[in-house]
Amino acid sequence: DLEFHEDMMKVIEKYICVSESVKRDIILKYPELGYKCEVVDNYLDVNEIIEKSNIQVQFKIDKQKLNLITVARIAKDKGFGRMKWLCDALDRNNVEYDWYILGTAFKKEVLEEIQGWFSDNKHVHFLGYKDNVFPYFKDMDYLVLLTDREACCLVISESLIMGIPCI
């Protein structure tokens, strides 16, 4: 209900945005709210991330290969179609790689569909949801972010803290 939405916008004292780009988008759409918008960066505890990365998990990689990791909700809008294209390009160029996917989907049928896109690809490994993703980052060559747009993607900052470059 647009009228309800407009009434709510009047009574909200402050809009907290996770990034400058989110703030800009809100102001572009609702210029009258500009004075109510504030950016608050997410806090990352570097020492905690490093500590969590050192927890032992049952996970081994082949260091002779290019090792990629993507951490994301498994959904069509998260760029997995682009991943299929990238895998095809790596395969055409005879690149030896393994690509690990951490995350799950809200809908089982979406997860099964996207996993099906890669069922014939021996290089793609869906590992599911992990409470602690950091031990999986440790020996990766790259984090691959597949989405077109993210408001404030924490996984990029987490990856850089771990010393893993992001594509």
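I take a residue as buried when its relative accessible area is under 20%, as exposed when it is over 50%, and as partly exposed in between. I keep in mind throughout that this is a predicted model.

**Entry: two rings**

I looked up F126 with that scale in hand, and at 23% relative accessibility it counts as partly exposed, because the value falls between the two cut-offs. F118, in contrast, has 4% relative accessibility and so counts as buried. I then turned to the aromatic pairs, of which the structure holds four. In one of them the rings of F118 and F126 have their centres 6.1 Å apart and their planes at 50°, so I noted this pair as tilted. I also wrote down an aromatic cluster that is formed by F59, Y100 and Y136.

**Entry: the sheet**

In what order do the four strands of the open sheet lie? I read the order as β5-β4-β3-β6, with parallel pairing. The edge strands, each of which pairs on one side only, are β5, covering 124-128, and β6, covering 142-143. Helix α4, residues 80-92, packs on this sheet and touches β3, β4 (97-102) and β5, while its direction makes about 165° with that of β4.

I went through the strand pairs one at a time. Strand β3, residues 66-71, runs parallel to β6 and is joined to it by two bridges, and I found L143 in β6 as the bridge partner of I69. Between β3 and β4, which also run parallel, there are six bridges, and here L68 stands opposite W99 in β4. The parallel strands β4 and β5 are joined by four bridges; I101 has F126 of β5 as its bridge partner, and L102 has G128 of β5. From β4 the chain crosses to β5 through helix α5, residues 108-117, and this β-α-β crossover is right-handed. I recorded a right-handed β-α-β unit for β3, α4 and β4 as well.

**Entry: strand β4**

Why do I describe β4 as largely enclosed by the rest of the structure? Six of the six residues of β4 are buried, and I therefore describe the strand in that way. Looking at its two faces, I found both covered, with Y97, W99 and I101 buried on one side and D98, Y100 and L102 buried on the other.

I followed I101 further and listed what it touches, leaving out residues up to four places away in sequence: T70, I74, F80, M83, V124, H125, F126, L127 and G128.

**Entry: the cores**

In soluble globular proteins, nonpolar side chains tend to be buried together, and with that in mind I looked for the cores here. The largest nonpolar core has 18 residues, and those with the most contacts inside it are I74, F80, M83, C87, W99, I101 and V124. Which elements give two or more residues to this core? I found α4, β4 and α5, with the largest share, four residues, coming from α4. Apart from this core lies another, of 15 residues, and among them I noted I61, F134, C153 and I164.

**Entry: looking back**

I end with I101, which I met in several places: it is buried on one side of β4, it has F126 as its bridge partner in β5, and it is one of the residues with the most contacts inside the largest nonpolar core.

Technical notes: Residues are numbered from 1 along each chain as its sequence is written. This is a predicted model: local features need pLDDT of at least 70, side-chain atom pairs count only at pLDDT 80 or more; totals for chains, interfaces and linings use all residues. Side-chain values use heavy atoms; hydrogens and water are left out. Two strands pair if DSSP finds at least two bridges between them. Contact means heavy atoms within 4.5 Å. Axes are lines fitted to C-alpha atoms, for helices over the stretch in contact, and angles run from 0 to 180 degrees between N-to-C directions. Rings of Phe, Tyr and Trp (its six-membered ring) pair if their centres lie within 6.5 Å; planes under 30 degrees apart count as stacked, over 60 as edge-to-face and the rest as tilted. Buried means under 20% relative accessible area, exposed over 50%, partly exposed in between (1.4 Å probe, protein chains only). A crossover is right-handed if, with the strands pointing away from the viewer, the path from the first strand over the helix to the second runs clockwise. A nonpolar core is a set of buried Ala, Val, Leu, Ile, Met, Phe, Trp, Tyr and Cys residues joined through side-chain atoms within 4.5 Å.
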